[in-house]
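Grab a pencil and work through a few exercises on charged side chains and burial. Each task comes with a solution in steps.

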Amino acid sequence: MSREVLILREGDIRAVLDMRSCIAGVEAAFAAYSTGKAELPAVIHLDIPETQGEIHAKAGYIHGQAIYAAKFASGFPGNPRLGLPASDGLVLAFSAKNGAPEALMFDNGFITDIRTGAAGGVAAQYMAREDAAVVSVLGTGAQARYQVDALALVRPFEEVRVWGRDPERVRTCVEDLAARPGIPQDARFLAAASPREAVEGAGIVITCTASRDPLVEAGWLSPGVHLTALGSDGPGKRELDPAVLDLADLLVVDSRQQSVERGELQHAPDPDAAAKRASELGEIVAGLRPGRTSDTQISVCDLTGIGVQDVAAASVTLSRARENGLGERISI
């Protein structure tokens with residue numbers, strides 16, 4: 001019996017998957033994960049030592065949805081020197097009724113990028129102060145852009161300070177951010193000379209680097225600041241001094257298990273104790289635990305990236321692509 005699979009390329013996916021819809025989908029996915037309404041296998045992590053390549057394979061199913069999905073995402077830092085993107089990937093969607101392949105999404109890493117940005121938007125929505133005017137971004141890659149895109153939908157910031165190790169990449173990032181659509185009118189974008197200069201006095205701090213050494217110290221954080229850390233997604237990675245976790249009045253993770261295994265909690269003096277103290281973002285979304293309750297709380301959210309985010313983004317993409325007649329159908 002002949003079957004068909006829908007082939008979606010990056011242009012098709014970008015045409016139907018916008019940040020606002022992705023935030024809504026990811027928000028619901030977090031709640032499903034933390035309330036036992038999702039299935040999530042362990043992350044597969046593969047290193048390619050010769051090229052410093054790093055591959056993550058994640059999958060998941062949200063109860064009641066039409067599909068389950070598996071995502072492969074890679075990062076090869078030397079690729080730009082070869083004229084290739086540093087990040088790449090694809091997503092596979094299968095029928096939850098019979099396991100048949102439904103779609104092959106050649107997103108070139110876009111789904112990972114936008115769903116990661118969306119997760120930061122959800123975190124800020126529940127934890128950042130409404131009047132947080134100054135934003136600090138440590139990192140100059142794709143996530144520096146996507147995190148600010150998502151933040152612009154949930155908080156009306158006035159200033160963004162960008163820090164990175166390469167001054168030229170900082171300059172390019174500042175220029176790109178200022179030109180992106182949806183940014184609050186009259187927002188200022190500045191280059192910071194150091195992480196400390198970027199962080200001190202900020203109401204929202206976003207760290208999106210591949211660092212293996214702490215970049216943010218507890219003494220730099222102001223009362224009421226919200227910090228989203230998303231660079232630590234593998235063993236050994238870290239962006240925060242462990243004292244930052246101790247300082248947090250509200251400590252939040254996307255997944256307790258993943259944060260201990262590959263997130264910032266792996267570097268806590270007692271990772272298991274830190275995990276017990278932490279809330280999951282999905283618990284806050286579902287109303288099981290409180291988010292920010294005062295303007296003076298310091299909140300920290302560690303995002304390692306969980307498979308239900310990819311399922312949510314893939315589900316929106318597939319549904320809208322079908323509605324709009326996008327993609328190429330092939331027989332298998």
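**Exercise 1.** How many salt bridges does the count come to?

Solution. Keep in mind that this is a predicted model. Take each side-chain nitrogen of Lys or Arg and look for a carboxyl oxygen of Asp or Glu within 4 Å. By this rule, you end up with 21 salt bridges.

**Exercise 2.** Which parts of the chain does the pair E328 and R9 tie together?

Solution. Start with the contact: the two side chains form a salt bridge, N to O at 3.2 Å. Next, place them: E328 sits in strand β16 (residues 328-331) and R9 in strand β1 (residues 4-9), so the bridge ties together parts 319 residues apart in sequence. Finally, check the burial: E328 is partly exposed at 37% relative accessibility, and R9 is partly exposed at 43%.

**Exercise 3.** Is D310 buried or exposed, and what about its partner K71?

Solution. D310 and K71 meet in a salt bridge of 2.8 Å, N to O. D310 belongs to helix α11 (residues 307-323) and K71 to strand β5 (residues 67-75), 239 residues apart. Buried means under 20% relative accessible area. D310 has 2%, so it is buried; K71 has 3%, so it is buried too.

**Exercise 4.** Where do E130 and R155 lie?

Solution. Their closest N and O atoms are 3.9 Å apart, which makes a salt bridge. E130 is in the loop between α3 and β8, and R155 in the loop between α4 and β9, so the pair ties together parts 25 residues apart in sequence. E130 is exposed at 60%, whereas R155 is buried at 5%.

Methods. Residues numbered from 1 in each chain as written. Predicted model: local features only at pLDDT ≥ 70, side-chain atom pairs only at ≥ 80, totals over all residues. Heavy atoms only, no water. Helix = DSSP H or I, 4+ residues; strand = E, 2+ residues; numbered from the N terminus. Buried < 20%, exposed > 50% of the residue type's maximum accessible area, 1.4 Å probe, protein only.
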